[in-house]
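Please open the model in your viewer and keep the sequence panel beside it, since the stops that follow are given by residue number. At each stop, make the selection, then compare what is on the screen with the text.

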Amino acid sequence: DGGYSFAVAVGPFHGGIGVIDGARNTLVRFDARGRAAGEVPLATREPDDALGFGGAIPILQRARPESPGDTAVFEVRILKLPTDTSGDVAMRVPLAWLVVRGDKPVKPTPFFPAVPRYAVDVDRSLIWSPGDRFEIQRRRRGGGTAWTLISDRTGPAVTPEDIAVRRRELENRTDPNEVPPSDIDSMIGRTAKVHPVIAGIVIAPNGAILIAGPVTPSRDSVEYFVLSAAGVPLTRFTLPSRTEVLLFGGDSLLVHQPTRGEPLEVRWLQLKPAVAARPE
């Protein structure tokens, strides 16, 4: 009772918790005390569909080729329940670097591609960015733009070290018969000269927005920006690049990070103003 192979998403469901089991395409239910409360089979979806939660809001993320040209379109739908088969389209963005025919890319995908980043607020509005430029937008529920923040900031240049690290990672986790060196060379040839400028978005309960800057293999830190709910820049700080922010609220962050002994841990971090150096 209540067993699942691996959780691809966890969120609130009918006063308890719903765990989406990726192995069986099933929603495993638990009540508010954590006791098993049954299972709900989910509708069959395409292999590239991703069902999950944006905060407490059920969402469906998908990428589909569209004619003419078969360029993939990245789409996010906001659902009423995780068991829904449709929902309200909150975002549709073409991925110029991904052309698909059938279920396979026509060309090898580039290293460090720009992917839209987004988060869903409690009012079902969407905070999103195309990722390849510093442009952040709040889209109201049902359509319409509340505000847009634009900057001339760009991502850092892709270095030879970035390419070498990513190539080693790819070679270590793929079969050379399935991904030959010539394909990897083509991926490198299609890689942009700069990294995507935005790598993630997290929303606090009070509506404040945390923006993660570029994540690159050759840098050991990531810069973060905090915006008000109205899109006004408030502050910025840096964290080690291997730290993943899970939750953001007030002056605190819940993060997933490695320790000196390499095991990963979940920890609360508190943000404090920097102390100015005393003059000599």
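Select Thr85 first: in this predicted model, Thr85 is exposed, because its relative accessible area is 58% and anything over 50% counts as exposed. Its place is in the loop that runs between strand 7 (71–78) and strand 8 (88–101). If residues up to four places away in sequence are not counted, Thr85 touches Ala43 and Arg45, so display these two alongside it. Then draw a distance from the C-alpha atom of Thr85 to that of Thr44, which gives a separation of 9.0 Å for two residues that are 41 residues apart along the chain.

Now move to Phe112, in the loop between strand 9 (104–105) and strand 10 (117–120). Is Phe112 buried or exposed? Its relative accessibility is 9%, and Phe112 therefore counts as buried, the limit being under 20%. To see what surrounds Phe112, leave aside its neighbours within four places in sequence and select its contacts, which are Val158, Asp162, Ile163, Arg166, Thr191, His195, Pro196 and Pro217. A C-alpha to C-alpha distance of 8.7 Å separates Phe112 from Val194, although their positions lie 82 residues apart along the chain.

Asp162 and Ile163, which are among the contacts of Phe112, lead to the next selection, helix 1 (residues 160–173). With 14 residues at 1.5 Å a residue, helix 1 should span 20 Å, and the 20 Å between its end C-alpha atoms agrees with that. Which residues of helix 1 are buried? They are Asp162, Ile163, Val165 and Leu170. Looking down the axis, you should find these on the same side of helix 1, because the arc they cover is only 165 degrees. Pro160 and Asn172, on the other side of helix 1, are exposed. Add helix 2 (181–189) to the display as well, since helix 2 is included in what covers the buried residues of helix 1.

Next, go towards the start of the chain and select the open sheet of four strands, which are antiparallel in their pairing and follow the order 1-2-3-4. Strand 1 (7–13) and strand 4 (36–41) stand at the edges with a single partner strand each, so one side of each has no neighbour in the sheet. On average, and with direction ignored, neighbouring strands here are turned by 20 degrees against each other. In a regular strand, side chains alternate between the two faces of the sheet.

Within this sheet, follow the pairings one at a time. Strand 1 and strand 2 are joined in the antiparallel sense by six bridges, and Phe13 stands opposite Gly16 in strand 2. The hairpin of these two strands has two residues between the strands, and there His14 takes a positive phi near 50 degrees. Continue to strand 2 (residues 16–21) and strand 3 (residues 26–30), where the antiparallel pairing runs over five bridges; one residue pair to highlight is Asp21 with its bridge partner Thr26 in strand 3.

Finally, zoom out to the protein chain, which contains two helices and 20 strands. Its radius of gyration is 20 Å, close to the 19 Å that the globule rule gives for 280 residues, so the chain is as compact as a globular protein of that length. The C-alpha trace spans about 60 × 55 × 45 Å along its principal axes. Colouring by accessibility should show 39% of the 280 residues as buried.

Definitions and conventions. Residues are numbered from 1 along each chain as its sequence is written. This is a predicted model: local features need pLDDT of at least 70, side-chain atom pairs count only at pLDDT 80 or more; totals for chains, interfaces and linings use all residues. Side-chain values use heavy atoms; hydrogens and water are left out. The expected span of a helix is 1.5 Å times one less than its number of residues. Buried means under 20% relative accessible area, exposed over 50%, partly exposed in between (1.4 Å probe, protein chains only). The arc is that of the directions from the helix axis to the C-beta atoms. Contact means heavy atoms within 4.5 Å. Two strands pair if DSSP finds at least two bridges between them. Axes are lines fitted to C-alpha atoms, for helices over the stretch in contact, and angles run from 0 to 180 degrees between N-to-C directions. The radius of gyration is taken over C-alpha atoms; the globule rule is 2.2 Å times the number of residues to the power 0.38.
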